Amino acid sequence: MDWGMKNRLAQLIQRDGRCFFLPIDHGYFQGPTYKLEEPGKTIKPLLPYADAIMLTRGVLRSCIDPENTKPVILRVSGGTSIVGEDLSHEGVTTSVREAIRLNASAVSTSIYVGSKHEHETLMNLARLVNECEEYGIPVMAVTAVGKEVEKREARYLALACRIAAELGARVVKTYYCKEGFEKVVRGCPVPVVMAGGPKTESELEVFEFVYDGIQKGSIGVNLGRNIWQHDYPVAMIRAIRSIIHENATPQEAQELFNEVKSGKKKVVCGR
Ligand code: 5RP
């Protein structure tokens, strides 16, 4: 592996082999998503606890301070909206030159396996990998499921993750599933990170699935809404971070969450 590729991956995946990516790219098809109306304000208190942020070039340029930020995973696919006909009809929106100009540590694109536009999104990934490998830029594939909740099961997720890895993704983002998640990870020869999905009823649910996913081989998360849509986002990010980087159990994470929420614990990220 070239030095540049190794270096960029090391910016994202920490020395303990784990990672915590904070995505704020949701507006690229959802518009001003709840609590992400002003992305810069939303993530300011969260940034110290993230290993990297995932976002589009528009939000990066207009909302993120270039002198005080974290490694960037640049979303380079899009061209659809929640009110449009088909979320899977994505193209590549941002050039690799632009990713280099923006000093991205990685780029990401969605693949919609089993959808009407499966082929185009897989070819988007393959083309992006061809180009990015020339410059030592890792591509993270986002295995997207659109509105179809039933696709969040092991057989489907394993299929999508493996295809992404076969096409050359260096990291694959997928959803966690309760049954058979270890098979999803085992069948994917590159690191797997988990998305959070829509906001859950309780924070413990999130701590439990992140913990379980890590035990089953995932290296971390690319998790947004369950952090920044929560009433206590800093407590959430700190608790989830403790599972990923400090091997905390869900119960320990819950205790940390309660302490930060009540103001008993105020220390900024101890890294
Ligand atoms: C959709 C994405 C998100 O980055 C991903 O789904 C993670 O976010 P969340 O935890 O909110 O599901 O790729 O644009």
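A residue is called buried here if 20 or more other C-beta atoms lie within 10 Å of its own. The exercises below use that cut-off, and the model they treat is predicted.

**Exercise 1. Burial of strand β6**

Task: Work out how many of the residues of strand β6 are buried and which of them point each way.

Solution. Step 1: strand β6 covers residues 106-111. Step 2: split the strand by direction. Ala 106, Ser 108 and Ser 110 point one way, while Val 107, Thr 109 and Ile 111 point the other way. Step 3: apply the cut-off to both sets; every one of these residues is buried. Step 4: six of the six residues are therefore buried, and β6 is largely enclosed by the rest of the structure. The split follows a general pattern: in a regular strand the side chains alternate between the two faces of the sheet.

**Exercise 2. Partners of β6**

Task: Find which strands are joined to β6, and by how many bridges.

Solution. Step 1: take strand β3 (residues 72-75). Three bridges join β3 to β6, and the two run parallel. In this pairing Ala 106 of β6 is the bridge partner of Ile 73. Step 2: take strand β7 (residues 139-143). β7 is joined to β6 by five bridges, again in parallel. Step 3: place the register of that pairing. Thr 109 has Ala 141 in β7 as its bridge partner, and Ile 111 stands opposite Thr 143. Step 4: check the burial of β7. Val 139, Ala 141 and Thr 143 point one way and Met 140 and Val 142 the other way, all of them buried. With five of its five residues buried, β7 is therefore largely enclosed by the rest of the structure.

**Exercise 3. Strand β1**

Task: Describe which way the residues of β1 point and which strands β1 is joined to.

Solution. Step 1: β1 spans residues 19-23 and is mostly covered, with five of its five residues buried. Step 2: Cys 19, Phe 21 and Pro 23 point one way, and Phe 20 and Leu 22 the other. Step 3: three bridges join β1 to strand β10 (residues 220-222) in parallel, with Cys 19 opposite Gly 220. Step 4: three bridges also join β1 to strand β2 (residues 52-55), likewise parallel, and here Phe 21 stands opposite Ala 52.

**Exercise 4. Two loop residues**

Task: Decide whether Val 145 and Ala 169 are buried or exposed, and list their contacts.

Solution. Step 1: locate Val 145, which is in the loop between β7 and α7 (154-166). Step 2: Val 145 has 24 C-beta neighbours inside 10 Å and so counts as buried. Step 3: apart from neighbours within four places in sequence, Val 145 is in contact with Lys 151, Arg 152 and Tyr 175. Step 4: locate Ala 169, in the loop between α7 and β8 (171-175). Step 5: Ala 169 has 29 C-beta neighbours inside 10 Å, so Ala 169 is buried as well. Step 6: with the sequence neighbours again left aside, the contacts of Ala 169 include Val 139, Met 140 and Ala 141, three residues that belong to β7. Leu 125, Val 129, Ala 164 and Val 190 are also among the contacts of Ala 169.

**Exercise 5. The largest nonpolar core**

Task: Identify which residues touch the most other members of the largest nonpolar core, and which helix gives the largest share.

Solution. Step 1: the core holds 85 residues, and Phe 21, Val 107, Val 139 and Ile 240 touch the most other members. The largest share, seven residues, comes from helix α11 (residues 233-246). Step 2: place the four residues. Phe 21 is in β1, Val 107 in β6 and Val 139 in β7. Step 3: follow Ile 240. Beyond four places in sequence, Ile 240 touches Val 206, Phe 207, Val 210, Val 221, Leu 223, Ile 227 and Ala 253. As a general point, nonpolar side chains tend to be buried together in soluble globular proteins.

**Exercise 6. The ligand and the whole chain**

Task: State how many residues surround the ligand, then judge how compact the chain is.

Solution. Step 1: the ligand is surrounded by 13 residues, the closest being Pro 23, Ala 195, Gly 196, Gly 224 and Arg 225. Step 2: by type, this shell has five nonpolar, six polar and two charged residues. Step 3: turn to the chain, which has 12 helices and 10 strands. Its radius of gyration is 17 Å, close to the 18 Å from the globule rule for 271 residues, so the chain is as compact as a globular protein of that length. Step 4: 49% of the 271 residues count as buried.

Terms used: Residues numbered from 1 in each chain as written. Predicted model: local features only at pLDDT ≥ 70, side-chain atom pairs only at ≥ 80, totals over all residues. Core = buried A, V, L, I, M, F, W, Y, C linked by C-beta atoms within 7 Å. Buried ≥ 20, exposed ≤ 12 C-beta atoms within 10 Å, placed from the backbone. Helix = DSSP H or I, 4+ residues; strand = E, 2+ residues; numbered from the N terminus. Contact = placed C-beta atoms within 7 Å. Near = placed C-beta within 6 Å. Nonpolar A, V, L, I, M, F, W, Y, C, P; charged D, E, K, R; others polar. Rg over C-alpha atoms; globule rule 2.2 N^0.38 Å. Pairing = 2+ DSSP bridges.
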